[in-house]
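Biologist: I would like to learn how to read a structure like this one, feature by feature. Could you take me through it?

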Amino acid sequence: MKVFAETDRLILRELTNNDLEGMFQLDSDARVHQFLGKRPIQDKADAQRYIDHTRTQYQKYGIGRWAAIEKETGEFIGWSGLKMNDENQMNGHINFVDVGYRFIPKFWGKGYATESGKAAVAYGFEKMNYDTIYGMAELEHKASRKALENIGLKYVQDFIYEAENIPLAWYEIRNDKKS
Ligand SMILES: CC(C)(COP(=O)(O)OP(=O)(O)OC[C@H]1O[C@@H](n2cnc3c(N)ncnc32)[C@H](O)[C@@H]1OP(=O)(O)O)[C@@H](O)C(=O)NCCC(=O)NCCS
């Protein structure tokens, strides 16, 4: 199984079909979806589709959200990492890479979004040689916005995400080594 990165407390590895139970636990939880359009999934087939889509990203782009495993317990805590946004235009961008994270609530508040997000951004700059990595969050989503800032992204502007007609905050970080 491919390990993409490791941090002090987490293993960041490829998401596989064996993560189906964990992915269903994650995405069927209403607390997790509070700032994600409030549509938790009802069906394991939706979790499987997410895994399939992520694995297609690995093949097409060499990136995709990573499964995050807590080293201390060996537990699947959720996912973190980069994604190629190749479907919907956002803030005038298409085919751009964003950093994101989504964890089971008992693992919130431990700094894992910050820790894993830093590793994902480093991977994007050092291994993938991207110029810029982006981040988005709902305006009221203080934890996600703080984590983006902790990772080193800078707030740029609010924008309306047309596909959902909701306002989001847009963040960016540039690859210093390329400028
Ligand atoms: C958003 C999420 C990933 C954050 O994960 P996390 O591991 O708890 O985040 P971190 O601990 O790395 O950092 C969160 C920061 O926000 C702060 N924070 C958390 N809740 C907050 C709140 N309600 N108000 C203000 N700040 C808050 C924390 O103190 C921390 O900042 P600090 O490091 O300066 O103390 C997690 O809550 C989650 O999985 N939510 C559901 C999925 C989701 O919404 N994903 C993001 C979509 S944009």
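**Reading the model feature by feature**

Modeller: Let's start with a loop: Asn165 sits in the loop between strand S7 (154-161) and strand S8 (166-174). Keep in mind throughout that this is a predicted model.

Biologist: What is the phi of Asn165?

Modeller: The general idea comes before the case. Most residues other than glycine have a negative phi. Asn165 is not a glycine, yet its phi is positive, near 55°.

Biologist: Is Asn165 buried or exposed?

Modeller: Here we count neighbours, and a residue is exposed if 12 or fewer other C-beta atoms lie within 10 Å of its own. Asn165 has 7 C-beta neighbours inside 10 Å, so it counts as exposed.

Biologist: And which loop holds Asn129?

Modeller: Asn129 belongs to the loop between H3 and strand S6 (132-138). Asn129 also has a positive phi, near 60°, and is a residue other than glycine. With 10 other C-beta atoms within 10 Å, Asn129 is exposed.

Biologist: Now the strands, please. How many bridges join S1 and S2?

Modeller: Strand S1 (residues 3-6) pairs with S2 in the antiparallel sense, over three bridges. The two are joined by a hairpin through three residues. As an example of a bridge, Val3 has Arg13 in S2 as its partner.

Biologist: How should I read the two faces of a strand?

Modeller: In a regular strand the side chains alternate between the two faces of the sheet. For strand S2 (residues 10-13), the covered face carries Leu10 and Leu12, while Ile11 and Arg13 are on the uncovered one.

Biologist: Which residue of S3 is the bridge partner of Leu10?

Modeller: Leu10 is partnered by Glu70 in S3. That bridge takes us to the next pairing, in which S2 and S3 are antiparallel with four bridges.

Biologist: Where does Ile69 lie, and is Ile69 buried or exposed?

Modeller: Ile69 is part of strand S3. The cut-off for buried is 20 or more other C-beta atoms within 10 Å. Ile69 has 21 C-beta neighbours inside 10 Å and therefore counts as buried. You can also compare sequence with space: Ile69 and Glu6 are 63 residues apart along the chain, with their C-alpha atoms separated by 9.6 Å.

Biologist: What does that comparison give for Gly37 and Glu75?

Modeller: Those two are 38 residues apart in sequence, and their C-alpha atoms are 27 Å apart in space. Gly37 is in the loop between H1 and H2. Gly37 has 11 other C-beta atoms within 10 Å, so it is exposed.

Biologist: Let's go back to the sheet. What follows S3?

Modeller: Strand S3 (residues 66-70) runs antiparallel to S4, and four bridges join them. Their hairpin has five residues between the strands, and within it Gly74 takes a positive phi near 75°. S4 is also joined to S5 by eight bridges, again antiparallel. Ser80 lets you trace both pairings: Ser80 in S4 is the bridge partner of Trp66, and Tyr101 in S5 is the bridge partner of Ser80.

Biologist: Why is S4 described as largely enclosed?

Modeller: Strand S4 covers residues 76-85, and seven of its 10 residues are buried, so the rest of the structure largely encloses it.

Biologist: How do I read a pair of packed helices? What is the angle between H1 and H2?

Modeller: Look at the angle and at the distance between the axes. Helix H1 (residues 20-27) packs on helix H2 (residues 44-61) at about 110°, with the axes 9 Å apart. Angles of 65 to 115 degrees count as roughly perpendicular, and H1 and H2 are therefore roughly perpendicular to each other. The crossing of H1 past H2 is right-handed.

Biologist: And H3 with H4?

Modeller: H3 and H4 pack at about 45°, their axes 9 Å apart. That angle makes H3 oblique to H4. H3 also passes H4 in a right-handed crossing.

Biologist: Last feature: which residues are closest to the ligand?

Modeller: The closest are Ala113, Thr114, Lys142, Ala143 and Lys146, in a shell of 21 residues around the ligand. Strand S5 (96-103), helix H3 (112-127) and helix H4 (142-151) each supply at least two residues of that shell. H4 gives the largest share, six residues. By type, the shell divides into 11 nonpolar, six polar and four charged residues.

Note on methods
Residues are numbered from 1 along each chain as its sequence is written. This is a predicted model: local features need pLDDT of at least 70, side-chain atom pairs count only at pLDDT 80 or more; totals for chains, interfaces and linings use all residues. A residue is near a molecule or strand if its C-beta atom, placed from the backbone, lies within 6 Å of it. Ala, Val, Leu, Ile, Met, Phe, Trp, Tyr, Cys and Pro count as nonpolar, Asp, Glu, Lys and Arg as charged, and the others, Gly among them, as polar. Two strands pair if DSSP finds at least two bridges between them. Axes are lines fitted to C-alpha atoms, for helices over the stretch in contact, and angles run from 0 to 180 degrees between N-to-C directions. Angles under 35 degrees count as roughly parallel, over 145 as roughly antiparallel, 65 to 115 as roughly perpendicular and the rest as oblique. A crossing is left-handed if the near helix is turned anticlockwise from the far one by less than a right angle, and right-handed if clockwise.
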